[in-house]
Amino acid sequence: MNKKILEIKNLSKTYYTKEKEILAIDNISFPLEEESITAIIGPSGCGKSTLLNIIGSLENKTNGEIIFNKKTPRIGYMFQNDCLFPWLNVLDNCLIGLKIKKELTKEKKEKVISLLKNYGLKDFIYSYPTNLSGGMKQRVALIRTLATNPDILLLDEPFSALDFETRLRVSDDVYKIIKKEKKTTIIITHDIEEAIAFSEQVIVLSKRPAKIKKIYDIKLNDTFGPIQNRMAKNFQQYYQKIWEVFDHEV
């Protein structure tokens, strides 16, 4: 068993307006193991992205603890849109985080070029985002996130802007990159099938205020990658269990 890299304990978030308090997240607790992929699902507006933002230090928590296994963990955040700069080529887009952090070295640049070559972007290193397909843009966005060598990857519905076929292919690519690079990952989605196919743990949140309704350990039969995982014999069993506890929108 891998050791814990992160533990969330009794996490809550309240927003305050002049008129009222709005409880967005209510008493959430769960562990995260090294090199694991955890999917967090729930209905739209339930607080999934808020939870991710708090873990990534983009928002402050109201109560609770976030305990990392190291003093200054590196967090990589991949948003719904690829957020590539159109005036920068692929390589420069991937190096932007290192430049901002003033950590760019010859060795790190060579590592990024190696990632681009290894993951199907060899012929596009000096191309601009307008010349890339949607799937390529998402791979570039992931490699840009990996360039700073994060301890934990946070993916906020990274495939939601893609059509279904492209979404499947890109999720497969991203999954295999994450596994090969041995990155601990949390992915936010509202798609039950995507959550099961992509992760080893699915956390089901209620409608707002978000509470944990159930946590499922996903163990599919002898498969590798989201596309193959959807064909596993026990895939539908997990789907049925999660469907029954999911707060469906009407």
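This section describes helix packing and selected loop residues in a predicted model.

Helix α2, residues 90-100, packs against two other helices. Its buried residues are Val90, Leu91, Asn93, Cys94, Leu95, Gly97 and Leu98, and these pack against α3 and α4. At the N-terminal end, α2 is capped by Asn89, a side-chain oxygen of which lies 3.2 Å from the backbone nitrogen of Leu91. Beyond the other end, α2 is followed by Lys102, which has a positive phi near 60 degrees.

The packing of α2 with α3 (residues 106-118) has an angle of about 135 degrees and an axis separation of 10 Å. The two helices are therefore oblique to each other, since 135 degrees falls outside the ranges that count as roughly parallel, roughly antiparallel or roughly perpendicular. Their crossing is right-handed. On the α2 side, the contact involves Val90, Leu91, Cys94, Leu95 and Leu98, which meet Lys108, Lys109, Val112, Ile113 and Leu116 of α3. By class, this contact comprises eight nonpolar residues, no polar residues and two charged residues.

Against α4, helix α2 packs at an angle of about 35 degrees, and the axes are 7 Å apart. This crossing is also right-handed. Here Val90, Asn93, Cys94 and Ile96 of α2 meet Val140, Ile143 and Arg144 of α4. The residues of the contact divide into five nonpolar, one polar and one charged. Val90 and Cys94 thus take part in the contact with α3 and in the contact with α4.

Helix α4 (residues 134-146) also packs with α5, which spans residues 164-180. The axes of α4 and α5 come within 10 Å and cross at roughly 25 degrees. That angle makes α4 roughly parallel to α5, because angles under 35 degrees are classed in this way. The crossing of α4 with α5 is right-handed. The residues contributed by α4 are Gly135, Gln138, Arg139, Leu142 and Leu146, which meet Thr166, Val170, Asp173, Val174 and Ile177 in α5. Five nonpolar, three polar and two charged residues make up this contact.

The loop between α4 and β6 (152-156) contains Thr148. With a relative accessible area of 12%, Thr148 is buried, because this value is under 20%. A polar atom of the Thr148 side chain lies 3.3 Å from the backbone oxygen of Thr145. Apart from neighbours within four places in sequence, the residues in contact with Thr148 are Arg74, Gly97, Leu98 and Lys101. Two of these, Gly97 and Leu98, are also listed among the buried residues of α2.

Helix α1 (48-55) is largely enclosed by the rest of the structure, as seven of its eight residues are buried. These residues are Lys48, Thr50, Leu51, Leu52, Asn53, Ile54 and Ile55. Just after α1, Ser57 adopts a positive phi of about 65 degrees.

Preceding α1, Cys46 occupies the loop that begins after β3 (37-41). The relative accessibility of Cys46 is 1%, so this residue counts as buried. When neighbours within four places in sequence are left aside, Cys46 is in contact with Ala24, Leu205, Ser206, Lys207, Arg208 and Ala210. The C-alpha atoms of Cys46 and Asn81 are 20 Å apart, for a sequence separation of 35 residues.

The loop between β7 (184-189) and α6 (192-198) holds His190. In contrast to the buried Cys46 and Thr148, His190 is partly exposed, with a relative accessible area of 39%. His190 and Ile40 are 150 residues apart in sequence, with a C-alpha to C-alpha distance of 8.1 Å. Outside the neighbours within four places in sequence, His190 is in contact with Gly42, Lys48, Glu157 and Phe246. One of these partners, Lys48, is among the buried residues of α1. The side chains of His190 and Glu157 are joined by a polar contact of 3.0 Å.

Note on methods. Residues are numbered from 1 along each chain as its sequence is written. This is a predicted model: local features need pLDDT of at least 70, side-chain atom pairs count only at pLDDT 80 or more; totals for chains, interfaces and linings use all residues. Side-chain values use heavy atoms; hydrogens and water are left out. Helices (H or I, at least four residues) and strands (E, at least two) are DSSP runs, numbered from the N terminus. Buried means under 20% relative accessible area, exposed over 50%, partly exposed in between (1.4 Å probe, protein chains only). Contact means heavy atoms within 4.5 Å. A polar contact is a pair of N or O atoms within 3.5 Å; within protein, one must be able to donate a hydrogen and the other to accept it, and residues adjacent in sequence count only if both atoms are side-chain atoms. Axes are lines fitted to C-alpha atoms, for helices over the stretch in contact, and angles run from 0 to 180 degrees between N-to-C directions. Angles under 35 degrees count as roughly parallel, over 145 as roughly antiparallel, 65 to 115 as roughly perpendicular and the rest as oblique. A crossing is left-handed if the near helix is turned anticlockwise from the far one by less than a right angle, and right-handed if clockwise. Ala, Val, Leu, Ile, Met, Phe, Trp, Tyr, Cys and Pro count as nonpolar, Asp, Glu, Lys and Arg as charged, and the others, Gly among them, as polar.
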